[in-house]
Amino acid sequence: MTHRFAYSRSSQLLTTARQWLLIDATGQRLEPLAQQVCKVLEGRHKPTYSNIVDMGDHVVVINTRKMVIPEKKVLWWYSGHAQGHRHVYAKDFHILRPTECLRLQVEFKLPQKRDYSDSGKRVEMFKDRSPLMDRLSRLHLFPGKDHPYAANISKVLEAPENLYKSSADYTPKEREEFVKAPDCRVRKPQALYDWEELD
């Protein structure tokens, strides 16, 4: 005889189990993509989210080389020593290391401190390592479309922004199906009545 809590226990395990989610970064901007990745790493996309339980999933981001990087964005870090401040433009850094821009942006956006419960007391569930390092260990970035986690992927997430095609990418058939704009060119004013016919 099956115990009456067996089904609830299995559904609970499926709810709390870590999933592997895939995101394609082709044509995506850095900021919205980092926000979506942080949301999944913290587990905020789940209806059972709680700030005292680490419920985040694994995130595999492919095609990070094809991300859109702002021209004036500056990445900086500090070594902790005197004159240890370093900065570099993100577009130049992205050419050398195409995965590091997204990793640094996600690291800056994730909460840096330990998690707290509603009562304000520190949760001691992360004694060995910080939750930041634990969440970053579940982030897997790849500059191309090839990755070794194809067997683990359970769901493909939609990118945060819609990709718009250029006019050269549309086929002639799709161009014919476009909604025709009304003719708004200035025309010569025409008389309401033909006065010669009225006489």
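1. A residue is termed buried here when its relative accessible area is under 20%. In this predicted model, Asp57 and Lys46 are both buried, and they are joined by a salt bridge whose closest N and O atoms are 3.0 Å apart. Asp57 and Lys46 each lie in the loop between helix 2 and strand 2, so their pairing ties together parts that are 11 residues apart in sequence.

2. The structure holds 13 salt bridges in total. One of them joins Arg29 to Glu161, with the closest N and O atoms 2.5 Å apart. This pair connects distant parts of the chain, its members being 132 residues apart. Arg29 belongs to the loop between strand 1 (20-24) and helix 2 (30-42), whereas Glu161 belongs to the loop between strand 6 (155-156) and helix 6 (172-176). Arg29 counts as partly exposed because its relative accessibility is 46%. Glu161, at 22% relative accessibility, also counts as partly exposed.

3. A salt bridge within a single helix is formed by the side chains of Arg103 and Glu100, at 3.1 Å from N to O. Both residues lie in helix 4 (residues 100-109), and their separation of three residues is about one turn of the helix. Arg103 is partly exposed, with a relative accessible area of 28%, while Glu100 is buried, with a value of 13%.

4. Salt bridges also form a network, which links Arg18, Asp54, Asp134, Arg135 and Arg138.

5. The largest nonpolar core has 27 residues. Within this core, Val37, Val59, Val61, Leu102, Val106 and Leu139 have the most contacts. At least two core residues come from each of strand 1, helix 2, strand 2, helix 3 (90-96), helix 4, helix 5 (131-136) and strand 5 (139-141). Helix 2 gives the most, with seven residues. A second core, separate from this one, has five residues, among them Leu22, Val60, Ile62 and Phe142.

6. Val59 merits individual mention. This residue lies in strand 2 (residues 58-62) and counts as buried because its relative accessibility is 0%. Setting aside neighbours within four places in sequence, Val59 is in contact with Leu21, Ile23, Val37, Val40, Leu41, Arg138, Leu139 and His140. Between Val59 and His140 the sequence separation is 81 residues, yet their C-alpha atoms are 6.1 Å apart. Arg138, one of the contacts of Val59, is also a member of the salt-bridge network described above.

7. Leu102 is another of the core residues with the most contacts. When residues up to four places away in sequence are not counted, Leu102 touches Leu30, Leu33, Ala34, Val61, Thr64, Met67 and Leu141. Val61, included in that list, is likewise among the core residues with the most contacts.

8. Two aromatic pairs are present in the structure. In one of them, the ring centres of Phe142 and Tyr149 are 6.0 Å apart and the planes stand at 55°, so the pair is tilted. Phe142 is buried, with a relative accessible area of 17%, whereas Tyr149 is partly exposed at 23%. Ring pairs link Phe142 and Tyr149 with Trp20 into a cluster. Phe142 thus appears in two settings: the ring cluster and the second nonpolar core.

9. A charged side chain is also placed over an aromatic ring: Lys91 lies over the face of Tyr89, at 5.9 Å from the ring centre.

Technical notes:
Residues numbered from 1 in each chain as written. Predicted model: local features only at pLDDT ≥ 70, side-chain atom pairs only at ≥ 80, totals over all residues. Heavy atoms only, no water. Helix = DSSP H or I, 4+ residues; strand = E, 2+ residues; numbered from the N terminus. Buried < 20%, exposed > 50% of the residue type's maximum accessible area, 1.4 Å probe, protein only. Contact = heavy atoms within 4.5 Å. Salt bridge = Lys/Arg side-chain N within 4 Å of Asp/Glu carboxyl O. Core = buried A, V, L, I, M, F, W, Y, C linked by side-chain atoms within 4.5 Å. Phe/Tyr/Trp six-rings, centres within 6.5 Å; stacked < 30°, edge-to-face > 60°. Lys NZ or Arg CZ within 6 Å of the ring centre and 35° of its normal.
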